[in-house]
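Student: I have just opened this entry and would like some help reading it. Could we go through it together?
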Amino acid sequence: MSAESGTNTLLQDNSTIRHDWEHEQIHALFDLPFNDLLHHAQSVHRQYFNPNEVQLSTLINIKSGGCSEDCAYCPQSARFDTEVEAEPLLDIAGVVASAKQARAQGASRFCMGAAWRSPKEQDFKQVLAMIAAVKELGLETCVTLGMLDEDQAFRLKESGLDFYNHNLDTSEEYYGEIISTRTYQDRLETLSYVRKAEINVCCGGIIGLGERRQDRVSLLATLSSMPVHPESVPINLLVQVEGTPLAETDALDPFEFVRTVAVARILMPRSTVRLSAGRSEMTESLQALCFHAGANSIFYGEKLLTTDNPEHNNDLALFERLGLRPTQ
Ligand code: SAM
Ligand code: DTB
Ligand code: SF4
C-alpha cells in the first residue's frame with residue numbers, strides 16, 4: 001500500500017512505537033475486563049501526555065451539502081434526502097471571523113471541512129488563501145477536502161497547513177457496505193501524499209456504523225501499522241441523521257465505544273486521540289470515561305459540520321468538574 005512509502009518522522013520517534021500489532025493481539029486488548037483495559041490505556045497515556053490536558057479544535061463547514069459521494073452516514077451527500085442544503089464555498093472574511101471567535105473561546109486549532117469528493121482548482125485556490133489567513137491569527141490549521149493529488153498536498157503545505165483530515169472511516173472489509181464511490185485504496189493514496197508533503201496526518205474513523213468488533217480491530221490495525229502513526233486520530237460515534245441510510249442503525253453499547261478509544265490509545269501512544277462526533281448524544285459520564293481511556297482532544301464549539309455539538313460553556317463546565325484544562 002502506498003501509505004507505507006512515507007519515511008519522514010515528523011512528530012514521532014518511531015524507535016519506541018510499535019507498528020506491527022496483529023489482529024489477534026488487538027482482539028485480546030478489546031477482550032480485557034473493562035477495568036484492566038482502562039488501567040492499561042491510562043498508564044500508556046500518562047507516559048506520553050499530561051493526563052489532565054485536552055486539545056481543543058473548532059470545526060467549520062466551509063462548503064456545505066450537495067456532495068456527489070454516497071457515504072451512507074453523511075447528511076451532506078446529494079443522494080440522500082436530508083435537511084442539509086447545498087451552499088457555495090464560504091468567503092475568506094466569514095471564515096476569518098469564525099476563526100477569531102474560536103480563538104477567543106480558547107480553541108488552538110481551526111478545522112475547515114468541505115463536502116467535496118475532491119477540490120476543484122478555483123475552490124482550491126480560495127482554500128489556500130483561507131489557510132494562510134487563519135494561520136496569521138496564530139491558530140493551527142486543519143482542512144478536510146476529500147481526495148487530493150500529490151501536487152495539491154504540496155501546495156497545502158506551502159500555504160501553511162498543519163493538519164489534513166482524511167478518515168479511513170471503517171475497516172477495509174466493511175468499507176464496501178458504507179461507500180461505493182471511492183475505494184479504501186483511494187483514501188490510503190491521499191494519506192500517502194499528505195505524509196509525503198510533511199503535513200501532519202489526522203485520520204480515524206466512525207464507530208457504530210453497524211460494523212462488528214473485528215472491523216474496529218481491523219481499522220485500528222490499519223492505522224497502527226502505518227510507518228508513522230497519524231498525529232491525530234479522530235474517533236467519531238455515528239451521528240444518526242434522518243434521511244441517511246444509517247439513520248436507524250442499532251445503537252452501539254457505549255462501553256464498546258470507550259473500549260475502542262482505549263485500544264486506539266494503547267496502539268498509538270503518541271497520537272492525539274480525539275473524541276469527535278457524537279458527544280451531544282453522550283452523557284458527561286461517558287465522555288469522562290473516554291478521557292480516562294486516553295482521549296485527549298475534542299471538537300469544541302456549538303456545531304460540527306451540520307449537526308450539533310455541546311455548547312462551549314458546557315464543555316468548559318465539564319472540564320472544571322473533571323479538573324481538565326485545554327492544551328496550550
Ligand atoms: N468530504 C470530505 C471527505 O469525506 O473526505 C471531507 C468532509 S467529511 C464530512 C469528513 C468526515 O466526517 C467523514 O470522513 C466522516 O468520518 C465524518 N462524518 C461525516 N458524517 C458523519 C456522521 N453522521 N457521524 C459521524 N461522523 C461523520
Ligand atoms: C472528523 O473525524 N469528524 C469531523 C471532522 N473529522 C471533519 C466531522 C464530523 C461530522 C459529523 C456530522 C455532521 O456534523 O455533519
Ligand atoms: Fe461527501 Fe465527505 Fe459526506 Fe462523503 S463524507 S458524502 S465525501 S461530504
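Student: Let us begin with helix H11. Which elements are included in what covers its buried residues?
Tutor: This is a predicted model. The cover over the buried residues of H11 includes strand E1 (53-63), helix H10 (284-292), strand E9 (297-299) and strand E10 (325-326).

Student: And which residues of H11 are the buried ones?
Tutor: In H11, which runs over residues 312-322, they are His312, Asp315, Leu318 and Phe319. These four cover an arc of only 120° around the axis, so they lie on the same side of H11.

Student: What is exposed on the other side of H11?
Tutor: Asn313, Glu320 and Arg321 are exposed there.

Student: What about Gly323, just after H11?
Tutor: Gly323 takes a positive phi of about 70°.

Student: Changing topic to the whole chain: how many helices and strands does it have?
Tutor: There are 11 helices and 10 strands in the chain. Its radius of gyration is 18 Å, close to the 20 Å that the globule rule gives for 328 residues, so the chain is as compact as a globular protein of that length.

Student: What does the C-alpha trace span along its principal axes?
Tutor: The trace spans about 50 × 45 × 45 Å.

Student: How much of the chain counts as buried?
Tutor: Of its 328 residues, 58% count as buried. The accessible surface of the chain comes to about 13,800 Å², and carbon and sulfur atoms account for 47% of that surface.

Student: Last one: how far apart are the mean positions of the positive and negative charges?
Tutor: The chain has 28 positive and 46 negative charges, and their mean positions are 5 Å apart.

Notes
Residues numbered from 1 in each chain as written. Chains lettered and ligands numbered in written order. Predicted model: local features only at pLDDT ≥ 70, side-chain atom pairs only at ≥ 80, totals over all residues. Heavy atoms only, no water. Helix = DSSP H or I, 4+ residues; strand = E, 2+ residues; numbered from the N terminus. Rg over C-alpha atoms; globule rule 2.2 N^0.38 Å. Buried < 20%, exposed > 50% of the residue type's maximum accessible area, 1.4 Å probe, protein only. Areas by Shrake-Rupley, 256 points an atom, 1.4 Å probe, with all protein chains shown as cover. Lys, Arg positive; Asp, Glu negative; His and termini not counted. Charge placed at Lys NZ, Arg CZ, Asp CG, Glu CD. Arc of directions from axis to C-beta. Contact = heavy atoms within 4.5 Å.
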